[in-house]
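Reader: I should be grateful for a close look at a single part of this protein. Please begin with one residue and then place it in its surroundings.

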Amino acid sequence: MEEQIITTQNEERTFTQDEVNRIIQERLARVKDKVETPDGEKVQDIINRENKLNCREYILNQGYPSVLLDILDTSNSEAFQASADKLIEAFPQLKPQTPEPGGTGSIGNFPRHRPDQDTLLNKQLENVFLSKE
């Protein structure tokens, strides 16, 4: 084993290579802990944001009210989905009714063209005009 001499205030002490390695490892570990903490927080922040986005996407796809994002915990998207489903199952009035397909047109408030509307309109017209003959 090699020995290194380190002098401290008029006192000379000899350290073995193992002691020097241990001291260096301890110092590196302390520095590493200081450096990892902010990175660990950044990683956790990214994970939390990703989970919240997954939760937001889920409620949009299911048609659930967006207030669930404020009410329920979004740190775990699977748990959020299960809780949201149970809440909507218990209180179905919370889920807004889905609008009928078609809606309004992009210009003005004219209904969009739906093929089933043509069939329905044609049948109504036939009934009106054919019944008078």
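Is Thr74 buried or exposed, and why?

Author: This model is predicted. Thr74 is buried, because its relative accessible area is 13% and buried means under 20%. As for its position in the chain, Thr74 belongs to the loop that lies between helix H2 (68-71) and helix H3 (77-90). Leaving aside residues up to four places away in sequence, Thr74 touches Asn51, Lys52, Cys55, Leu69 and Phe80.

Some of these partners lead to the next topic, the nonpolar core. Cys55, Leu69 and Phe80 are among the ten residues of the largest nonpolar core, which also includes Tyr58, Ile59, Tyr64, Leu68, Leu72, Ala84 and Ile88. Helix H1 (17-62), H2 and H3 are the elements that give two or more residues to this core. One of the core residues is Tyr64. With residues up to four places away in sequence again not counted, Tyr64 touches Tyr58, Ile59, Ala84, Asp85, Ile88 and Lys95.

The wider setting may now be described. The protein has four helices and two strands, and from the N terminus on these elements run β-β-α-α-α-α. Of the 133 residues in the protein, 14% are buried, and Thr74 is one of the buried residues. The protein exposes about 11400 Å², of which carbon and sulfur atoms supply 53%. Finally, among contacts between residues at least 6 apart in sequence, 18% join residues at least 24 apart.

Key: Residues numbered from 1 in each chain as written. Predicted model: local features only at pLDDT ≥ 70, side-chain atom pairs only at ≥ 80, totals over all residues. Heavy atoms only, no water. Buried < 20%, exposed > 50% of the residue type's maximum accessible area, 1.4 Å probe, protein only. Contact = heavy atoms within 4.5 Å. Areas by Shrake-Rupley, 256 points an atom, 1.4 Å probe, with all protein chains shown as cover. Core = buried A, V, L, I, M, F, W, Y, C linked by side-chain atoms within 4.5 Å.
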